[in-house]
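Student: Could you take me through one part of this structure up close? I'd like to see how the strands of its sheet are arranged and what packs on them.

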Amino acid sequence: MHTQSGIRKIAFIGNYLPRQCGIATFTTSICESVSAQFPDVQCFSVPVTDIENGYDYPERVRFEIKEKDLGSYERAADFLNLNNIDVACLQHEFGIFGGSAGGYILTLLRQLKMPIVTTLHTILKDPNDQQQRVMTQLINYSDRLVVMTHKALELLNETYNVDSDKISLIPHGIIDVPFVDPNFYKDHFGVEGKLVLLTFGLLSPDKGIENVLHALPEIVSKFPNVVYIILGATHPSLLRKEGEAYRLTLQYLAEDLGIENHVIFYNRFVSTEELKEFIGAADIYITPYLKEAQITSGALSYSFGAGKAVISTPYWHAKELLSHDRGVLVPFKSPQSIARAIKDLIEKETERHAMRKNAYLLSREMVWSNVAYLYKKTFEEARHRKAKSPFRVTNRVLEQKPKDLPKIKLDHLFRMSDSTGILRHAIHTVPDYSKGYSTDDNAKALILMHLLLEAGEAPSARISDLTSTYLAFLNYSFNSKNGRFRNMLGYNRVWEDQCGSQECHAKTLWALGTCIGRSRHEGVQNLAGQLFEKALPVAYNFSSPLSWAYTIIGIHEYFRRFDGDRLVNHGRELLAGKLFNLFSKAKTNERVWFDSNSCEYTARLSHALILSGRWLSNSDMLNAGLESLKWLVEYQSSNKNYYHPESALQLEKGLFDQRPSVVHDLISGCLEACRTTQETAWFIEARKVFEWFLGRNEVGLSLYDPKTGGCKDALHVDRVNQNEGAEASLSFYLSLVEMQEMENTIVTFREPINT
């Protein structure tokens with residue numbers, strides 16, 4: 001079956017299996033059902049996670065929201081907007097979202113640009129002020145509301161003044177099972193020859209199970225072959241607070257009543273396939289809930305839809321579903337009434353089977369496949385409604401106040417850039433067309449543009465234009481045939497290679513991650529996101545440690561916006577693990593560094609470990625990053641108190657030229673160490689390294705060009721290279737902007753420490 005509408009991507013927001021709760025079961029079922037009925041529609045889930053280490057979610061889950069982390073809701077909204085979702089379908093219940101009355105979910109909803117369809121699993125008749133406020137805003141942000149009963153529709157009309165035109169009435173979905181005799185399944189559970197009563201669902205005191213237990217002595221005295229199955233794990237929140245105290249209370253009650261041989265507890269959260277068999281084995285299903293104000297019950301719907309004779313207390317959903325003799329309603333908290341109803345159904349077998357058949361036939365419209373079609377129709381209605389109203393856009397403002405560092409001067413950057421990208425080389429300050437362009441340089445230029453836009457220190461219109469130019473270059477460099485980025489483009493616009501180095505590819509991922517994590521321009525975000533998704537997987541198989549580091553840094557830029565992306569997080573863990581293992585094997589007492597045969601002396605390796613250790617909460621990894629960075633700083637610093645980049649390479653390879661890019665790497669590493677440890681000693685070291693550009697170096701000459709704002713290509717043994725190519729100038733620009741940003745926050749950090 002193929003959809004005929006323009007809907008291609010649907011995000012289902014709620015809980016998701018294997019989290020144990022009714023909302024998780026519902027969200028999983030509706031998501032999978034829509035996907036099955038409309039295979040050309042991409043469906044994925046954004047669940048709310050309530051435990052520290054999360055759940056082992058399936059691939060359908062693309063982004064996790066941390067229940068009590070407000071920023072996580074904001075990042076989820078950004079993630080959905082960036083991925084061009086056509087419709088967001090929210091499953092709402094007050095207890096699953098963070099904030100007062102679950103108000104954090106409003107932060108997500110107000111930032112979404114796509115239509116929102118909200119399924120209301122709970123509607124309070126008498127909400128408190130906070131619940132009323134949240135519900136009112138939730139209704140306003142939603143383009144369509146879905147309810148499962150007429151009572152829910154009535155409450156929305158009367159309590160919340162919602163127009164019926166905005167509401168879709170769609171029944172709770174049910175498993176599509178055949179109508180079979182209960183005896184077919186009884187031998188699966190060792191209850192053949194028994195009359196089986198069943199209650200299932202997460203165990204908690206509001207289920208009223210003790211009332212059925214009190215009714216059982218009267219029942220079994222007349223029908224000794226009756227057995228009562230209580231199926232379901234204890235509700236996780238109750239389990240965390242009280243353990244199994246409530247379940248034990250029920251077991252002790254059964255013993256006190258002398259019916260322990262007639263009661264079977266299954267303390268498990270069962271799969272859908274197992275649930276089918278349990279329900280199939282039941283002769284009578286019972287929901288003895290204690291509260292009237294329950295607008296929907298999945299357990300009731302599933303049992304009714306399987307053609308069971310149902311006895312229930314008259315909570316809202318049961319009262320509506322079981323009307324007109326489709327089930328039996330008994331008063332709340334009345335074991336005597338439960339006993340009479342059960343005995344009556346057992347004695348009147350013909351009526352019981354007629355009730356079963358009637359329930360089964362009437363419930364066919366509730367099967368998940370049909371419910372999926374009804375939701376699809378509602379999604380299309382929401383898109384039409386959304387088209388009539390503007391979406392909301394939020395902006396963030398960053399203030400930066402540079403102090404005594406040089407001011408940004410971009411004359412040379414503008415001179416080196418044309419409509420294709422930034423040129424690689426210059427003869428003195430004049431662009432050298434013969435050398436063409438490189439993806440490496442355009443990637444670094446793209447990173448710089450986003451830092452400049454955040455800092456507000458450059459003409460925004462020109463920077464925005466260059467951002468598009470550099471991103472267009474990266475898009476053009478991507479070779480879809482091999483999934484890699486080309487690197488060298490001649491001035492004649494002909495590629496000189498079909499596959500750049502691993503480092504080039506990874507550096508480009510860093511730039512794309514920066515676009516996703518920092519840009520506020522939707523077009524930039526979308527294109528960068530598409531390229532990032534295509535290009536990231538191949539990087540996991542790279543052999544170059546420096547490519548691992550660049551990729552990790554790019555992933556962390558991406559995580560500024562989408563830190564709940566589980567697939568990308570797995571990639572980060574993989575690469576960080578490789579880098580950490582390499583360091584652990586190569587480290588010695590004299591040389592606290594990575595494998596010298598495969599690793600340059602660049603601080604990017606330490607930088608990547610610091611980031612990963614910090615955000616993966618891995619203290620060993622973090623300490624390895626800090627320890628290796630400290631060793632590198634000391635190894636490349638001279639006894640005359642200036643920085644000597646690549647000093648180790650000079651000894652090993654007989655070289656001298658000192659490159660601005662390596663200086664920039666160490667500055668970035670020190671600044672990340674400063675952010676992580678909040679120790680100003682790292683900032684002081686970064687400032688010392690930065691002054692290498694200004695003449696605090698072995699030759700005593702400045703590489704910074706105050707006339708153009710650019711930077712000389714290298715420091716030779718007795719002079720500077722007078723050419724101002726793209727790599728050198730970009731390294732200086734990036735170093736300067738990063739230093740300026742840190743100077744604005746350094747006052748909040750600790751004083752230098754003695755190391």
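Tutor: Here's a walk through the sheet, with a quick stop at a pair of cysteines afterwards. Bear in mind this is a predicted model, where local features need pLDDT of at least 70, side-chain atom pairs count only at pLDDT 80 or more, and totals for chains, interfaces and linings use all residues. Residues are numbered from 1 along each chain as its sequence is written, and side-chain values use heavy atoms, leaving out hydrogens and water.

The sheet is open, with 7 strands in the order S3-S2-S1-S4-S5-S6-S7 and parallel pairing. Strands here are DSSP runs of E with at least two residues, helices runs of H or I with at least four, both numbered from the N terminus; two strands pair if DSSP finds at least two bridges between them. At the edges sit S3 (65-66) and S7 (167-169), each pairing on one side only. S7 runs parallel to S6 (residues 144-147), joined by 3 bridges, and Leu145 has Ile167 in S7 as its bridge partner. Helix H4 (residues 129-141) packs on the sheet, touching S4 (87-92), S5 (116-120) and S6, where contact means heavy atoms within 4.5 Å. The direction of H4 makes about 140° with that of S5; axes are lines fitted to C-alpha atoms, for helices over the stretch in contact, and angles run from 0 to 180 degrees between N-to-C directions.

Now the cysteines. The whole structure has 0 disulfides, a disulfide being a pair of cysteine sulfur atoms within 2.5 Å. The sulfur of Cys670 has its closest cysteine sulfur in Cys674, 9.2 Å away, so that's too far for a bond.
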